[in-house]
Amino acid sequence: MAIATMTAVRRRVYGGDAVLAAGLVMIVVQLVWKFDLVSRTYFRQDDFMFIARGLANQLSWDYLMRIDFGHLMPGAFALHWAMGRLGVHNDALAHAITIGLQAAASLALLRLLKLAFGARPAILVPLGFSLLTPMTIPGLSWWAVVAETLPFQIALPMALASHVLYARTGRFRHAVAAAGWTVFGMVFFVKAPFVPVLAFVLTLGWLGGRRLWRAWLLYLGVLVPYAVVFFRQLFTSVQLTNETFHPALPSAEVAAKSAWTLLTGSLVPTSLGGPWRWQPIGEDYALAATPPALIWVSLAVAVAAVTVSVIWRRRAWLAWLTLLGYFLLADVVPIMLGRVELLGPDLSGFELRYISSTAVVVALVIGLAFIPVADEQQPWRRPAHRLRWVWVPLAAVFAAGSVWSVAAYADRPLGVNVKSYVETATQALARVPAGSIVLDTHVPDKVAFPAFFYDYARHSKVLGPAAPHPIAWTTRLSGPVANPLIFDGQGRLRPVGVDGVTIPAKSACTPVGRTEVRFRLPAPIAAGEHTVQISYLNGAPTTLSVRLGLAQIAVPAGKDLGTTFAPITGGGTELAVRAIGPGSCVGEIRIGAPVPADSGAPIPPQPVPG
């Protein structure tokens with residue numbers, strides 16, 4: 001009786017119940033672990049541009065099919081469009097979607113591993129790799145990357161799982177499902193066309209090389225229309241620079257250095273638990289900063305693992321060659337076409353979001369290189385029992401390194417300060433009266449870099465959609481603007497002051513008529529864009545002509561006591577003013593840049609905690 005019971009238990013364990021239960025527990029644990037990180041993130045950089053663009057457009061073909069610097073992602077654009085209408089900067093919703101997509105991606109990989117290799121305990125190793133690797137962490141902390149890559153990480157294993165079922169059963173509905181999942185991936189991510197390529201290699205090496213011509217025709221019928229649409233949109237979509245795409249490859253030296261850095265400094269170390277150290281980019285993001293010594297150690301370990309697998313496992317060489325080919329075609333080539341010249345090989349080479357989705361491919365390749373495929377005949381070149389437990393210490397080191405690396409990444413403010421700025425500014429806009437005049441300056445770099453996002457980095461684009469009532473945004477002060485406001489560094493609204501050179505008022509104001517009155521400046525002003533603030537006392541409305549060097553501009557000035565602003569591009573040692581129409585009496589004059597004034601209570605009094 002006891003022997004029969006033990007036999008039944010062993011059958012259930014190796015039959016898959018315990019393996020699947022363990023896989024599900026691992027997935028739940030990683031979701032709890034990663035939610036602690038995700039819940040501390042906030043929208044950043046591209047996110048604000050994508051949400052603002054979604055709010056400014058209908059859900060049209062032109063909106064969805066615009067290629068953004070090489071990325072065709074109508075599904076992600078649809079998510080941004082919906083996000084803008086469900087609270088604008090609704091980070092709680094973004095966190096929920098992120099964890100939901102991560103759960104689906106993990107379950108999809110578990111399904112693929114079970115179908116490909118059987119429900120054996122060994123599949124928990126590649127699954128554990130995918131759940132733990134720091135390769136995915138920076139992408140998981142950035143909403144724009146999540147919206148592209150996580151749906152793809154669902155589509156890839158689901159498509160391959162359906163293809164495996166088609167290869168084994170011959171039922172065409174599985175091929176249709178594989179094509180459908182591929183289309184789903186294409187809707188979100190530009191790397192999805194490589195899914196049928198992976199399916200082809202999988203068939204050639206491990207599914208008996210069967211002639212699945214109906215499937216290949218179906219997949220080709222998916223790829224060709226996608227390619228037509230992609231390349232048409234690639235060369236016609238207008239970028240933020242108001243230009244269309246012009247393909248240009250970097251020099252051979254730059255291309256080689258970038259690919260080598262991405263391989264040795266990013267892909268290999270993070271596949272072994274690295275990068276162990278990070279290079280912060282602002283407060284809410286970081287690049288891999290693998291120490292040079294650990295780069296070489298990682299390469300040595302990787303070479304050893306590949307060598308051992310090739311010696312013992314049949315067709316392990318094909319698995320590693322597949323990973324290398326995918327890395328070069330899907331990860332490196334897109335960067336060469338659009339990012340290397342802008343970012344440089346060092347910056348792009350340590351950018352893990354470029355390879356975050358490759359974690360799924362690495363997990364599958366680990367399985368193919370070390371685990372026999374279900375019903376595979378003669379999978380080993382040598383007796384496999386010698387390597388049965390070698391993976392245990394390696395897995396322990398990988399897990400420890402991954403936890404260390406993720407903890408090091410999370411040891412920074414992440415989205416706290418950006419969230420504080422945005423929510424403080426949103427509250428400020430809600431507290432001022434409708435129609436208030438706010439100078440439309442660029443948000444701080446920590447929110448969105450103006451050099452990258454141009455007008456999409458202005459307060460009106462980032463924060464305007466969240467204002468509960470209309471705000472009178474202006475990019476420059478001109479004329480007698482009443483009570484203009486400007487954001488300070490914490491996101492609060494303050495009165496506008498002009499920081500620069502001051503020409504003090506005399507005991508009585510200086511009369512100005514049709515003849516130009518010249519005011520010598522306390523210090524010379526370099527040529528550039530300046531704002532001139534002139535206080536006046538007028539008996540009647542008039543117009544003041546303001547000259548700085550060779551530059552001249554006319555601005556209105558009202559009746560009685562007031563202030564007018566003159567935006568001017570010039571420089572020199574004196575400012576000249578004359579009246580066009582009734583005379584004026586001029587008091588204090590300031591020349592410089594608009595800044596938050598120290599006088600006046602900020603709105604709100606204290607920043608909102610992030």
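**Strands, a buried phenylalanine and a surface patch**

Trainee: Which residue takes a positive phi in the hairpin of S9 and S10?

Mentor: This is a predicted model. The hairpin of S9 and S10 has two residues between the strands. One residue there has a positive phi near 65 degrees, and that residue is Gly549.

Trainee: How many bridges pair S9 with S10, and which residue is the bridge partner of Leu548?

Mentor: Strand S9 covers residues 542-548, and strand S10 covers residues 551-557. They pair in the antiparallel sense over seven bridges. In S10, Leu548 has as its bridge partner Ala551.

Trainee: Is strand S9 largely enclosed or not, and why?

Mentor: A residue counts as buried when its relative accessible area is under 20%. Six of the seven residues of S9 meet the term buried, so the strand is largely enclosed by the rest of the structure.

Trainee: Which residue of S11 is the bridge partner of Ser545?

Mentor: S9 is joined to S11 by six bridges, and the two strands run antiparallel. For Ser545, the bridge partner in S11 is Arg578.

Trainee: How many bridges pair S8 with S11, and how many join S8 to S12?

Mentor: S8 (residues 517-538) and S11 (residues 560-580) are an antiparallel pair, with Gln533 having Phe565 as its bridge partner in S11. S8 also runs antiparallel to S12 (residues 584-596), where Ile534 stands opposite Ile589. The count for S8 and S11 is 16 bridges, and for S8 and S12 it is six.

Trainee: Is Phe487 buried or exposed?

Mentor: Phe487 belongs to strand S5 (residues 485-487). Buried means under 20% relative accessible area. The value for Phe487 is 5%, so Phe487 is buried.

Trainee: How far apart in space are Phe487 and Leu429, C-alpha to C-alpha?

Mentor: Leaving out residues up to four places away in sequence, Phe487 touches a set of residues including Tyr421, Leu429, His459, Trp473 and Pro596. Phe487 and Leu429 are 58 residues apart in sequence. Their C-alpha to C-alpha distance is 10.0 Å.

Trainee: What is the area of the nonpolar surface patch that includes Val333?

Mentor: Val333 is found in helix H15 (residues 316-338). Patch residues need over 30% relative accessible area, and Val333 is partly exposed at 37%. The other members of the patch are Leu249, Trp317, Leu321, Leu324, Leu328, Leu329 and Leu337. Together with Val333 they make a patch of about 750 Å².

Notes. Residues numbered from 1 in each chain as written. Predicted model: local features only at pLDDT ≥ 70, side-chain atom pairs only at ≥ 80, totals over all residues. Heavy atoms only, no water. Patch = residues over 30% accessible without salt bridge, like charges linked within 9 Å, V, L, I, M, F, W, Y side chains within 5 Å. Areas by Shrake-Rupley, 256 points an atom, 1.4 Å probe, with all protein chains shown as cover. Salt bridge = Lys/Arg side-chain N within 4 Å of Asp/Glu carboxyl O. Helix = DSSP H or I, 4+ residues; strand = E, 2+ residues; numbered from the N terminus. Buried < 20%, exposed > 50% of the residue type's maximum accessible area, 1.4 Å probe, protein only. Pairing = 2+ DSSP bridges. Contact = heavy atoms within 4.5 Å.
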